[in-house]
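Got your viewer open and your mouse ready? Let's take a walk through this one, stop by stop.

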Amino acid sequence: MKRFTFDDTEPFLAKLRELLATGTPVERIEVATPFPVHEALLLLKTPVSRLKFFTFTGALTGFCAGFALTIYSATSWPMSHGGKPIVSLPPFMIIAFELTILLGAVASLLGFLYLARVPAPKYILTSIEADGKFAIFVEEL
Amino acid sequence: MKTEPVNNAAYYEQVEADVFAAMQKPRATYWLALAISLTCFGIGLACWGWQIFSGMHVSGKNNPVGWYMYITDFVFWVGIAHSGTLISAVLFLFRAKFRKAFNRSAEAMTVIAVMTAGLFPLIHLGRVWFFYWLMPYPNQRLLWVNFRSPLVWDVFAVSTYFTVSAVFFYIGLLPDLAIARRRITGIRQWFYRILSIGWRGTAKQWSHYEKLYGFLAAFATPLVISVHSVVSWDFAMSVIPGWHTTIFAPYFVAGAIFSGCAMVITLVVPMRKILGIEQYITVDHFESIAKLLLFTSMIVGYAYILEYAMAFYGGNVFETAHFMFRMLGDFRKPYWLMCFCNVLLPLTLFIRKLRRNLVYLFVLSLFVNVGMWLERFVIIVTSLAHDFDPYAWGNPNWSWVAIGITVGSFGMFFTFFLIFVKVLPVLSVTELKEERAHETLHI
């Protein structure tokens, strides 16, 4: 594994461009930066995050769960309060709305942990190479 | 003031050094502040213990004023939480640059304020050990909670709000925790090692991270509006004069952001001085937040006027009588003090010189905090004390226990905030670096 470290984005990007220009395949390059460097993501052709599927699934589950919980519990022991309908959609909508956000956010968090491969016990227990630097790791054949 | 380094790499190093220097061994003033906060917190806990031991009569609540200081405190603290989400999520979506100076402390404030607020419904309960009856769970008698009741909406709204803001706070912290892991040595390092969950900042990780941050901001924005709307519906869904009105939701949301901005100023003005981070939280940043304060103050002022307009043009005698009582009755002092603190005093922020004077802003923010607490007090207590039937009118009892618990909530809030400033980085180092890189990168 070859390693290049830099203190700033400009030399880091210059080196990355150079490596790519000299024919190093994208798959063999890994970069680590202290903040997101979008140019590097573009150069490495990092695929668009699939996180949205987790978010959407979570949000949809929350929305359905909100209505399911409220309608099920209202009908399992029907109690009339002030003549309001047993299944009153406007108030149930509020529960569904809150659960959409709750489960959407929680699913996004779990999806992120899965996709970004954290928590990573290896990197918690050992110190991280070139931590805090703009680093390029090139896998050698 | 230190001169800013020309070189980016030197700037990155200096930001880290400055922010992490703030987390070093505290000075005597810090310990003093912590001691005062802890004492207040202790007083609050003792009062709560006394209330549980001796019964609810010590809380000053009575018939008709069954909602008193605890509900006032609850609404106050939920409101304080709101500007944290506004600054971190809404201003993020609008790409407002000045948020970077405040977002970390505002997010911490949100999480702590919701925790504080969350205690009040429990303190308000007669038998606190049955608080779980609020949750919908299947029990042997198949008795579910009533989902048509706004109090149950509140349980969902506030617990969702706490969860989402805690996640948002943590995700924002993650790259900075990775810096802490590198910079802090000794046994304390393990704390940051575990909290930073092995974050490396690879291209893939950042691409997922940015998506997640965006999604959380997008979730938090409608959430923050819904939470205080739901809190306002606790009142507006009833038929009590002074509560039963459709403007309550926007009125409460604006008030929440207003009070939260004031609390951010109250916390950050001394914090930047004590921690020596004046370079990163500048007067320009404060001016932006002062403008937000002025804007929300005018919405609140408009709502105060509108309430009267609706009461007097609506032709409902109970509403009219109630609003006359609010202005001229037993609670006129808190009412007029509230108007002074929330509507008149913030108008001085139209003067640029005052907006940029931090001592003035700090003092003003204290007045707004008081004013916004009084607003909730006035809304809750006057309406209950003076409803339809003169035979049922009555004022709450004076209660040292309720005051002690209110003081205790401030003690709890400041204790947690003081712990936060020494344990976690108070500025988003990663975002500051990123901003600098964007300013200087030429591609």
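## Stop 1: an unusual bond in chain A

Start by selecting Pro119(A), which sits in the loop between helix 4 (89-115) and helix 5 (121-125) of chain A. Keep in mind as you look around that this is a predicted model. Now add the residue before the proline to your selection: the peptide bond joining Val118(A) and Pro119(A) is cis, with omega at about -5 degrees. That is worth a pause, because most peptide bonds are trans.

## Stop 2: all of chain A

Zoom out and colour chain A by secondary structure. What should you find? Chain A has five helices and three strands. Follow the chain along its sequence and the elements come in the pattern β-α-β-α-α-α-α-β. Does chain A look like a compact globule, or more spread out than one? It is more spread out: the radius of gyration is 24 Å, well over the 14 Å that the globule rule gives for 141 residues.

If your viewer can draw a box along the principal axes, the C-alpha atoms of chain A fill one of roughly 75 × 30 × 25 Å. Try colouring by accessibility next: buried residues make up 45% of the 141 residues in chain A. The chain exposes about 7,400 Å², and 67% of that is supplied by carbon and sulfur atoms.

Now show the charged side chains of chain A. There are 12 positive and 12 negative charges, and the mean positions of the two sets are 7 Å apart. Then switch to contacts: among those in chain A with a separation of 6 or more, 77% are between residues 24 or more positions apart.

## Stop 3: where the chains meet

Hide nothing yet, and select residues 8-21 of chain B, which form helix 1. Put a distance label between its end C-alpha atoms and you should read 20 Å. At 1.5 Å a residue, the 14 residues should span 20 Å, so the two values agree.

Is this helix mostly covered or mostly open? Mostly covered: 10 of its 14 residues are buried. Among the buried ones to click on are Tyr11(B), Tyr12(B), Val15(B), Val19(B) and Phe20(B). Charged residues turn up on that list too, including Glu16(B) and Asp18(B).

What covers them? Light up strand 3 (134-138) of chain A, then helix 5 (150-183) and helix 15 (429-440) of chain B; the cover includes these three elements. Notice that one part of the cover comes from chain A.

## Stop 4: all of chain B

Colour chain B by secondary structure as well. How many helices and strands does it have? The count comes to 15 helices and zero strands. For 443 residues, a compact globule would have a radius of gyration near 22 Å; chain B has 23 Å, which agrees. Its C-alpha atoms fill a box of roughly 75 × 60 × 40 Å along the principal axes.

Of the residues in chain B, 61% count as buried. The chain exposes about 18,000 Å², with carbon and sulfur atoms supplying 71% of it. Show the charges here too: chain B has 34 positive and 23 negative side chains, and the centres of the two sets lie 7 Å apart.

## Stop 5: oddities in the loops of chain B

First, select Pro64(B), in the loop between helix 2 (28-54) and helix 3 (69-93). Its peptide bond from Asn63(B) is cis, with omega near 20 degrees.

Next, go to Arg95(B), in the loop between helix 3 and helix 4 (99-124) of chain B. This residue has a positive phi of about 55 degrees although it is not a glycine. Why look twice? Because most residues other than glycine have a negative phi. Arg95(B) is exposed, with a relative accessible area of 61%.

Then find Ile197(B), in the loop between helix 6 (188-195) and helix 7 (203-236). Here phi is positive again, at about 40 degrees, and the residue is not a glycine. Is Ile197(B) buried or exposed? At 10% relative accessibility, Ile197(B) counts as buried.

## Last stop: a tryptophan

Finish at Trp31(B), in helix 2 of chain B. Trp31(B) is partly exposed, with a relative accessible area of 49%. Draw one more line, from its C-alpha atom to that of Met115(B): the two residues are 84 apart along the chain, and the atoms are separated by 23 Å.

Terms used
Residues are numbered from 1 along each chain as its sequence is written. Chains are lettered from A and ligands numbered from 1 in the order in which they are written. This is a predicted model: local features need pLDDT of at least 70, side-chain atom pairs count only at pLDDT 80 or more; totals for chains, interfaces and linings use all residues. Side-chain values use heavy atoms; hydrogens and water are left out. Helices (H or I, at least four residues) and strands (E, at least two) are DSSP runs, numbered from the N terminus. The radius of gyration is taken over C-alpha atoms; the globule rule is 2.2 Å times the number of residues to the power 0.38. Buried means under 20% relative accessible area, exposed over 50%, partly exposed in between (1.4 Å probe, protein chains only). Contact means heavy atoms within 4.5 Å. Accessible areas come from the Shrake-Rupley method with a 1.4 Å probe; for residues, only the protein chains shown count as cover. Lys and Arg count as positive and Asp and Glu as negative; His and the chain ends are not counted. The place of a charge is taken as NZ of Lys, CZ of Arg, CG of Asp or CD of Glu. The expected span of a helix is 1.5 Å times one less than its number of residues.
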